[in-house]
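I am opening a notebook on this structure and will write down what I looked up, place by place. The entries follow the order in which I turned to each place.

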2 protein chains.
Amino acid sequence: MFELNFEINQFLDTYWQKKPALLKQGFIDFQDPIAPDELAGLAMEEDLESRLVYQEDEQWHAECGPFKSFERLEKDGATLLVQAVDHWHPDAQQLVRPFRFLPNWRIDDLMISYSTPKGGVGPHIDNYDVFIIQGEGKRHWRVGARQTLPEFAAHGALKHCGEFNAAIDVEMEPGDILYIPSGCPHEGYAIEPSLNYSVGFRAPDQNDLLSSFTDYNIDNHDNALRYTDIPMQIREKPGCIEDSELNKLHQVMLANCKTPEQLIPWFGRMISEAKHDLDIAAPEYPLENKEILEFLEDGAQFTRLGGLRAVYFEQTPKLVFINGEEYDFSGFTELAHCLCNQDEAASELLNIFKDEEAALTLFTKLVNLGYWYAE
Amino acid sequence: MFELNFEINQFLDTYWQKKPALLKQGFIDFQDPIAPDELAGLAMEEDLESRLVYQEDEQWHAECGPFKSFERLEKDGATLLVQAVDHWHPDAQQLVRPFRFLPNWRIDDLMISYSTPKGGVGPHIDNYDVFIIQGEGKRHWRVGARQTLPEFAAHGALKHCGEFNAAIDVEMEPGDILYIPSGCPHEGYAIEPSLNYSVGFRAPDQNDLLSSFTDYNIDNHDNALRYTDIPMQIREKPGCIEDSELNKLHQVMLANCKTPEQLIPWFGRMISEAKHDLDIAAPEYPLENKEILEFLEDGAQFTRLGGLRAVYFEQTPKLVFINGEEYDFSGFTELAHCLCNQDEAASELLNIFKDEEAALTLFTKLVNLGYWYAE
Ligand SMILES: O=C(O)CCC(=O)C(=O)O
Ligand SMILES: O=C(O)CCC(=O)C(=O)O
Ligand SMILES: [Co+2]
Ligand SMILES: [Co+2]
């Protein structure tokens, strides 16, 4: 449905995580997958995270959804932002697909904003890489090179940064794409009522990683390794922590994460967990293997639920992590890779299931969980 | 005041962390440093952690202090336990000293129990090594070899273990010492009203270490290192986390703890923090350097506050960690080691201060914090 109109490997070499880029007409003949009304409808729901940002009397305001009505959007200078729309809107989800040339585990979600003229969230810096696609309308965007700037709270949860020189200063038109690496200040203000689509990328920092890993270990290891003493003699300097003791402490502390491989069971679960709610709708009656086969024989294709995360590690291709859980795909890794590397699968599934009943049984389970659905 | 009456290096070789030992008359002519009344008095205070354990109609009961009265101690089958008495009672603190042949950072606190006949906390297993000293009265103690046993809650916070064969089965008399390594089941029941003194040793486990380290990093590093991508090309298998990515994640996660040395600033703070409140009483008027000198010249000695923890690392002898804070002793490490390795100091301080005003100034600060006091 959406196809990128630029040289991807060249983009990766030159811009990815290095500097901002304007990808003029990155999508040709861009058609919005969602209308402003529909977006407002989603912002009325409990399950989605939404915000309304506006300026009044030179003051910034930010309100959190769900919203009951949208009077403020009838005036200039307002922006409605809805997170993880790809989890709830299959057409919007299509807009994430073209960006799957990047590792899926790095992809966060699709945020969509609707702005009235002059509407924007103000100058700010994100920790995340993002592609911002211009839908209907026009918006004036400014982006600076990566830099550190003073940052301050313009209002509650609205963090702004100081002024910056623009490396990119552009009037975006439908189909234009702006790539903004983490750390680059940016601000956009609508010229005409505008839809903007942000495909964001998550990158954990060392504290995120350590604290999630620690929590995982506390929950999953009853018999935690405990420090025990090195062989001892009467200690003349009892106030001293000897090198050999510090080394031993270091070993005990890192016993579960000495090697990258040891991270797999935890990181697979962590990174495959969706940060926002999923629109999970399990089938009313659990399907059976033979019904799945019939669907496929009838030419149906199965689609991965929007926002569902499924990954495996190069090193352990039989283990698949789906929505925070580990699944064993031993004996049918082909299925694993098909489900993780593609958003949709059809006839290739039939080929796999033909020879491998266990693969079919596991897939049936995933369908019954609402993780893949037939179309 | 208290002197151990056994061959320490032989004890360390044969028993320490290996198997339980009865050190018959480990203290000769043992005199209790505290009376049952005084102990009960401490159990009435907010600042101390105390428990009353008793059995009634074959049911275990456990109550937490502070207590207003002690009717239950007038009957048989009750035990009153008070934690960290060494923090509040200088004479009781003396009982920790003989055990400072072990590294101070491993020493936890002095717990004291008073039991009426038949009183005991029931069979259990601790994660900590402990020396239990018999004071007045007699108590029947049984200790098993290290083993895994079923464990269950006999009442709220009272964890018991199943039956075990005794490797040691003894009627303890005043001055006898029982050494119980972590993991060995034990139970004691008073024959006569009894005082028991437990010198416990803490050993962090991998989860304690990792979670404290993580918290420290979250609090102290604003600019946490964030994952950034390896050079990228169009990803044919976007569902795969490649080895090089996992390696990078591992590096980012452990950037602050690759080497034992990196743990020093955190571990020094963590391990020098007292787990129980200290009886800190800073001088009413801050003292000045010259007053400290006068005290010393008059022959006073300075004592480290009971339970205060002061350590340094073999690798960084100039950094001293006292009660959770780091102090820079550059230029006068001799003072550092004197304060960490001895409970008391007198004339040696004079020698150090003679040549080093800065050492005196730092020591004055520590005295004004209430960490060392003159006697
Ligand atoms: O659409 C907007 O107004 C905000 C977009 C943005 O700043 C982002 O996606 O990082
Ligand atoms: O004194 C008591 O009753 C309990 C002592 C004990 O079990 C210990 O110190 O580990
Ligand atoms: Co932004
Ligand atoms: Co015990």
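**Entry: B:R309**

I began with B:R309 in this predicted model, and found this arginine in the loop between β15 (302–304) and β16 (310–313) of chain B. I then asked whether B:R309 is buried or exposed. With a relative accessibility of 9%, B:R309 counts as buried, because the cut-off for buried is under 20%.

Leaving aside residues up to four places away in sequence, I listed what B:R309 touches, and the list includes B:N104, B:W105, B:I107 and B:D108, as well as B:I271, B:S272, B:E273 and B:A274. B:F321, B:I322 and B:N323 are also among the residues that B:R309 touches. For B:W105 I noted in addition that its backbone oxygen lies 2.8 Å from a polar atom of the side chain of B:R309. I also looked up B:I264, which is 45 residues from B:R309 along the chain, and the C-alpha atoms of the two are separated by 15 Å.

**Entry: B:H276**

I went on to B:H276, whose place is in the loop between α6 (264–271) and α7 (289–297) of chain B. The relative accessible area of B:H276 is 17%, and I therefore wrote this histidine down as buried.

Which side chains make polar contacts with the side chain of B:H276? I found the side chain of B:E49 in such a contact at 3.2 Å, and the side chain of B:D109 in another at 3.4 Å. Both residues appear again in the list of what B:H276 touches, together with B:Q83, B:A84 and B:H87, when residues up to four places away in sequence are not counted.

**Entry: the cobalt ions**

Which residues of the protein are donors of the cobalt ion (ligand 3)? I found A:H124 and A:H186, each through NE2, and A:D126 through OD, at 2.0 to 2.1 Å from the ion. Along the sequence I wrote the spacing of these donors as H-x1-D-x59-H. A:H124 lies in the loop between β5 (107–115) and β6 (129–134) of chain A, whereas A:H186 is in strand β12 (residues 186–190), so the pair ties together parts that are 62 residues apart in sequence. I noted A:H124 as buried, with a relative accessible area of 14%, and A:H186 as buried too, with 2%.

I then turned to the cobalt ion (ligand 4), which is coordinated by B:H124 (NE2), B:D126 (OD) and B:H186 (NE2) at 2.0 to 2.1 Å. The spacing of its donor residues in sequence is H-x1-D-x59-H. B:H124 is in the loop between β5 (107–115) and β6 (129–134) of chain B and B:H186 is in strand β12 (residues 186–190), and therefore this pair ties together parts 62 residues apart in sequence. B:H124 counts as buried at 13% relative accessibility, and B:H186 counts as buried at 2%.

**Entry: where chain A meets chain B**

How many residues does the contact take from each chain? I noted 74 residues from chain A and 74 residues from chain B. The area buried between the chains is about 6900 Å², and carbon and sulfur atoms give 61% of this area. On the side of chain A, the residues that lose the most area to chain B are A:Q206, A:R226 and A:M253, together 12% of what that side buries.

I counted 4 salt bridges between the two chains, and looked up the one in which the side chains of A:R226 and B:D205 meet, with 3.8 Å from N to O. There are also 39 residue pairs in polar contact between chain A and chain B. Among the elements that give two or more residues to the side of chain A that touches chain B are α1 (8–14), α4 (206–220) and α5 (243–253), and α4(A) gives the largest share, with 10 residues. I divided the residues of that side into 40 nonpolar, 19 polar and 15 charged.

**Entry: backbone details**

Last, I looked at the backbone, where a cis peptide bond joins A:G65 and A:P66, with omega about 0°. A:P66 is found in the loop between β3 (59–64) and β4 (78–82) of chain A. In chain B, I found a cis peptide bond between B:G65 and B:P66, with omega about 0°.

Terms used. Residues numbered from 1 in each chain as written. Chains lettered and ligands numbered in written order. Predicted model: local features only at pLDDT ≥ 70, side-chain atom pairs only at ≥ 80, totals over all residues. Heavy atoms only, no water. Donors = N, O, S within 2.8 Å, 3.2 Å for Na, K, Ca; no water. Helix = DSSP H or I, 4+ residues; strand = E, 2+ residues; numbered from the N terminus. Buried < 20%, exposed > 50% of the residue type's maximum accessible area, 1.4 Å probe, protein only. Contact = heavy atoms within 4.5 Å. Buried area = accessible area lost by both parts, 1.4 Å probe. Polar contact = N/O pair within 3.5 Å; in protein donor to acceptor, adjacent residues only side chain to side chain. Nonpolar A, V, L, I, M, F, W, Y, C, P; charged D, E, K, R; others polar.
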